[in-house]
Number of protein chains: 2
Amino acid sequence: MDIHQFLELFVGRWRSQRSDHQFSQENGSDIRSVIDIIALSGDHLEVLAICQKYNVEAIASTQPMQLSWEEESLSSNKPKGKSLFVAVPDPLNANKGLILTDYAKGNYEFAEDESLSIQTITDQGLIEERVWYGNPNLRFRVATLVQTNFTSDRVVSSSKFYSEIRVAPPKP
Amino acid sequence: MDIHQFLELFVGRWRSQRSDHQFSQENGSDIRSVIDIIALSGDHLEVLAICQKYNVEAIASTQPMQLSWEEESLSSNKPKGKSLFVAVPDPLNANKGLILTDYAKGNYEFAEDESLSIQTITDQGLIEERVWYGNPNLRFRVATLVQTNFTSDRVVSSSKFYSEIRVAPPKP
């Protein structure tokens, strides 16, 4: 499996369960949501725009997608959001490259064990994410938030574990 | 960091939080426990015995340990247990080898990204585990149970995510 095939499997509707482990407090929580991932063409206007924003050639992107999610909640005001997700492989080594989203530009590495690691520097700190498949219809993710400070200590302030079951195939 | 240094960091008392994601039912649950890990000498009687049981030279083991855990629970009958944990590196490549426990013999692989993967065949199915550190006092684990059947499908029946915070250093 290469990075393109790996990302191709993203496309579809997923039912997601997330467990939050906060290290500043004792409480964890479980959140369920539905995630829709649709493939975009490389010359989609939004893909062109985000590539331009980060000064990247849109033609270099692979399997650009739009992700949208909505949390299950009894309130009428369900938390939801959406973002582009555009991978831009390094032309010399497709196992490394950039991930462009609406929020930030991250770096990815696709490892021999077919896991995708993404590192993104944000206002809150460094987000380290790892994505892998249990099988083609079951996706796992672990995201940790690392506070970078003036010492060399890695202060991890939270981690989230997601298991995501595919509930619908890609739309035709 | 090599496999020995990685395992050395295991030693100590850990406060563990576990999130269970079951795929046969909608419910997840969070379980907290305390884990004590003590280092054993390579010629400890129990280490010798488990190596003999699996027909392995005890002198080949590295950083043998005893793990014991007790779940936090309001009932007086708290779930608890203990097990040996004995890594036996392949003499030609220490990044691969065996993990012997009271329950089974598994195979490990220590990857370049300093994560330890363990595969163990049990009566319940194949247990795939990955262990890594957020920092030296924060350990993460994901364990998935894969049902192997006569088709080539990988049926994952459950996954557990653990975040474990060191609460005490190794005993002297």
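Here is a short walk through a predicted model with chains A and B.

Before you click: residues count from 1 along each chain as its sequence is written, and chains are lettered from A in the order in which they are written. Because this is a prediction, local features need pLDDT of at least 70 and side-chain atom pairs count only at pLDDT 80 or more, while totals for chains, interfaces and linings use all residues.

**Stop 1: chain A alone.** Select chain A and switch to cartoon. You'll find two helices and 10 strands (DSSP runs, H or I of at least four residues for helices, E of at least two for strands, numbered from the N terminus). From the N terminus, trace α-β-β-α-β-β-β-β-β-β-β-β. Show the C-alpha trace, and chain A spans about 45 × 45 × 30 Å along its principal axes.

**Stop 2: the contact.** Bring chain B back. Each side puts in residues: 21 from chain A and 21 from chain B (in contact means C-beta atoms, placed from the backbone, within 7 Å). On chain A, select β1 (12-22), β2 (28-39), β8 (125-135), β9 (138-148) and β10 (154-168), the elements that give two or more residues to the side touching chain B. Now pick out β10(A): it gives the most, with six residues.

**Stop 3: the symmetry.** Lay chain A on chain B: a turn of 180° and a shift of 0.0 Å along the axis does it, with an RMSD of 0.0 Å (least squares on C-alpha atoms of residues with pLDDT of at least 70 in both). The two copies are therefore related as by a two-fold rotation axis. The same surface serves both copies, as 100% of the contact residues of chain A recur in chain B.

Technical notes: Contact = placed C-beta atoms within 7 Å.
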